[in-house]
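Work through the following exercises with the sequence and the model side by side, and try each task before reading its solution.

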Amino acid sequence: MTDYPEPGQAVSSLPNEALYPLIPLRDIVIFPAMVTPLFVGRPRSIQALEAANAEQRLIFLTTQRDPKIDDPLQNDLYEIGVIGQIIQLLKLPDGTVKVLIEGKERARIVGLEERPECLYAKVVLEEELLADSDEIEAMSRSVLAAFESYINLSKKIPPEMYSSIAGITAAGRLADAIIPQLNVKVSDKQQIMEQINPLLRLESLLTILEHELQILGIEKKIRSRVKSQMERSQKEYYLNEQMRAIQKELGEKDDFKQELRELEERINTVGLSKEAKEKALAELRKLKLMSPMSAEATVVRNYIDWIVSIPWKKASKDRHDLLRAEKILDEDHYGLLKVKERILEYLAVQAQVKKIKGPIICLLGPPGVGKTSLGRSIAKALERKFVRISLGGVRDEAEIRGHRRTYIGAMPGKIIHGMRKTGVINPVFLLDEIDKMSTDFRGDPSSALLEVLDPEQNHTFGDHFLDVEYDLSAVMFIATANSLHTIPRALLDRMEIIRVEGYTEEEKLHIARRYLLPKQLEAHGFPPNQIKFSNSAIYEIIRYYTREAGVRNLEREIAAICRKLTRQLLAAQTSKKAVTVTSRQVGSYLGIHTYSYGALEIENMVGIATGLAWTAVGGETLTIETTILPGSGKLTVTGKLGEVMRESSQAALSYVRSRWQELSLEKDFYQRLDIHIHIPEGATPKDGPSAGITMATALASALTGRAVDRALAMTGEITLRGRVLAIGGLKEKLLAAKRAGITRVLIPEENRKDLTEIPASVQRGLTIIPVSHMDQVLAAALLAPTAIQEERTVASEAPTVQ
């Protein structure tokens, strides 16, 4: 550490113009006669200190305009700074230097000089201008008075500071001594630094002081207000605690007793059934004898709260306006005539008899056809409250009936939860995905639903938690399912099945125009008529980019086009431009075709027949291939087939063997041959009996060498005697046939009656042939040998396309 002269010790008179080592300052302004410690860390600043120390211990200090700059240039520095004298210098272990500096004189930078050791500043002394002494005296007194008020309000400056500053007589020195004590911005301090006229310097300082006094006054008011509020809160808390203690001693207005009285009042006013009221009052009497802090009291209190919070008598008023209900159903959903007809029938009967047990409806159909949203529309048409619970993945019977109160954290089941949520006894209650429930060691939730969905029993529904009968007879239950196979027979028997079938292409077109397009245009911020889709564009999306019974994927593809159009229009800065999407443009937005449409086999083939299948997402065509190999009578079936489908292949082979004479086969033909039946798309599970006649046809074709008509598809179950039995999902299967370009379809004779419910638009372009026996199927499907030769000749003459 090096010691130098004491602060305030005179130095030799400074020249008007000189070169001094330069230190740029960050977030501090040093004034003349001000002594302050500095911690110097930048290498160039340390070198400047060393250069000054080697000469006359004088250094020039000025403040940076931006403290973030490490190596400032002249434009980055304020012009006016101070020539300072080094009083004390100490090098610290971390490489930084602590220095005590006293400001001497104001000076202005006129230039910078770069030297090897450091940066030098060429400065000119700034001489203070003289002013009227009386005016300066008045201004000095005002500044001192304001500073005294500032000290009294801020409490951060010791009172002795005022005494030492008040003895300063020079006006400029007075301002320079006061401004460093104020908590103001660096720019305000620099403003005082650059003011050469003492009178103007005091005037600027007085303005700053008055502004700071105003802020300090506001802070004082806030502090006093907060303090008084805290004192009042503490006082109120203390008095309330005293009152509570007195009341507890007197046994009056105890919180627990007040809560018990409120519970008793609710029990008597919410309209509980006789059984529920007796149970609730009995539990309340038990609660009165318990300590309010005991765990059992919490359980009993929770039970009573559940009893009184679910609806017992409150019901919403139904609106029996059939025309309005029909209008709402038509606005929200296109088609679905059978479903709408059943809902309107229910409304009509209810309007006439005023009281009807809630119907149990199950909407059955593939995903995306509007089953769940239809439940909301029904509630809207009836003006009833709507509640939905999802049963997908539910495997615990307690999810339906609740847990018994003996278990910790016991709660009612989903049914009571839904009733509490609606607050009325007659909501529309949607049981979504009822076919997705499963069973494990915790019970069978589908069995618990038997009581819920039985109109003869659900007026006495028993929840394990409530342990009293609850009336669900006024609830309109609507279940939704994709398949009936996983629904237990007893549960299925309690529901009225209404099939919500897949949409035709024409229906999808209408749905896209009326619902999907407006919804997506609004979601992507387009005005209603800015983006238009031609009919051919929508058909292009339906046929080549979706394969579904519903419209979910159609909506996704429309949304994808809207996203790409949004980006395209914004990039071109033409966001208001009207755009029409045509079928030719669809491919540029959605890429190559995902599916083929109307693609038949190139030629009539031996051993290949086309079947029709129903899946959870609609109808599909099913190509069945059969190959005959030398062997010993072995039948191989591949393609990830289920047990029922494997049995159908056995039945088909047995039928063909029984008709060996009619098919011109040898009696023991099967003993010298191996037969392989394969259904492509082997990763997809397949099952069901409706491919029976298709497998029999493919077998007969392979064994006789007669080709099968490539434009013909078929569906039907086969028996050993060759009878063709009825199938389901006829509409979806016909839609699949139409999509694939099929022109003739063989269906079971028993399904002829179902054709009356198939829209004419689906049947248009299809020749539908009902058959009752396998002989009719073979007669229609197998081509004559001469026809085969003609087909092969035509195929051989056709050009090869690669």
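Two helices count as roughly antiparallel when the angle between their N-to-C directions is over 145 degrees. The coordinates used in these exercises belong to a predicted model.

**Exercise 1.** Determine how helix 8 and helix 9 are oriented relative to each other, parallel or antiparallel, and state the hand of their crossing.

Solution. Begin by locating the two elements, helix 8 at residues 274-288 and helix 9 at residues 295-309, whose axes come within 10 Å and cross at roughly 155 degrees. Next, set that angle against the cut-off of 145 degrees; the two helices, helix 8 and helix 9, are therefore roughly antiparallel to each other. Finally, look at the sense of the crossing, which is left-handed where helix 8 passes helix 9.

**Exercise 2.** Find out how many cavities of 30 Å³ or more the structure holds, and describe the residues that line the largest cavity.

Solution. The first step is the count, which gives 2 cavities of 30 Å³ or more. The second step is the volume, and the largest cavity encloses about 60 Å³ of space. The third step is the lining of this largest cavity, which is made up of E601, E603, M605, I608, A609, T610, V708, D709 and R710. Sorted by character, the lining residues of the largest cavity comprise 4 nonpolar, 1 polar and 4 charged.

**Exercise 3.** Describe the lining of the second largest cavity, and say which strands and helix each supply at least two of its residues.

Solution. Start with the volume of the second largest cavity, which is about 30 Å³. Its lining consists of L25, V29, I30, L61, T62, T63, I80, G81, V82, Q190 and M193. Assigning these residues to elements shows that strand 4 (58-63), strand 5 (80-91) and helix 5 (186-193) each contribute at least two of them. By character, the lining of the second largest cavity divides into 7 nonpolar and 4 polar residues, with no charged ones.

**Exercise 4.** For A33 and R57, work out where each residue lies, and decide whether A33 and R57 are buried or partly exposed.

Solution. Most residues other than glycine have a negative phi. Against that background, A33 has a positive phi near 70 degrees, and R57 has a positive phi near 60 degrees. As to position, A33 sits in the loop between strand 2 (17-25) and strand 3 (35-40), while R57 belongs to the loop between helix 1 (43-54) and strand 4. For exposure, A33 counts as partly exposed because its relative accessibility is 34%, and R57, with a relative accessible area of 25%, is likewise partly exposed.

Note on methods. Residues numbered from 1 in each chain as written. Predicted model: local features only at pLDDT ≥ 70, side-chain atom pairs only at ≥ 80, totals over all residues. Heavy atoms only, no water. 1 Å grid on protein atoms, 1.4 Å probe; cavity = no way out; pocket = protein on both sides within 12 Å on 5 of 7 lines; lining within 4 Å. Points joined across faces, edges and corners; volume = space filled by probe spheres on them. Nonpolar A, V, L, I, M, F, W, Y, C, P; charged D, E, K, R; others polar. Helix = DSSP H or I, 4+ residues; strand = E, 2+ residues; numbered from the N terminus. Buried < 20%, exposed > 50% of the residue type's maximum accessible area, 1.4 Å probe, protein only. Axes fitted to C-alpha atoms, helices over the stretch in contact; angles between N-to-C directions. Parallel < 35°, antiparallel > 145°, perpendicular 65-115°, else oblique. Left-handed = near helix turned anticlockwise from the far one by under 90°.
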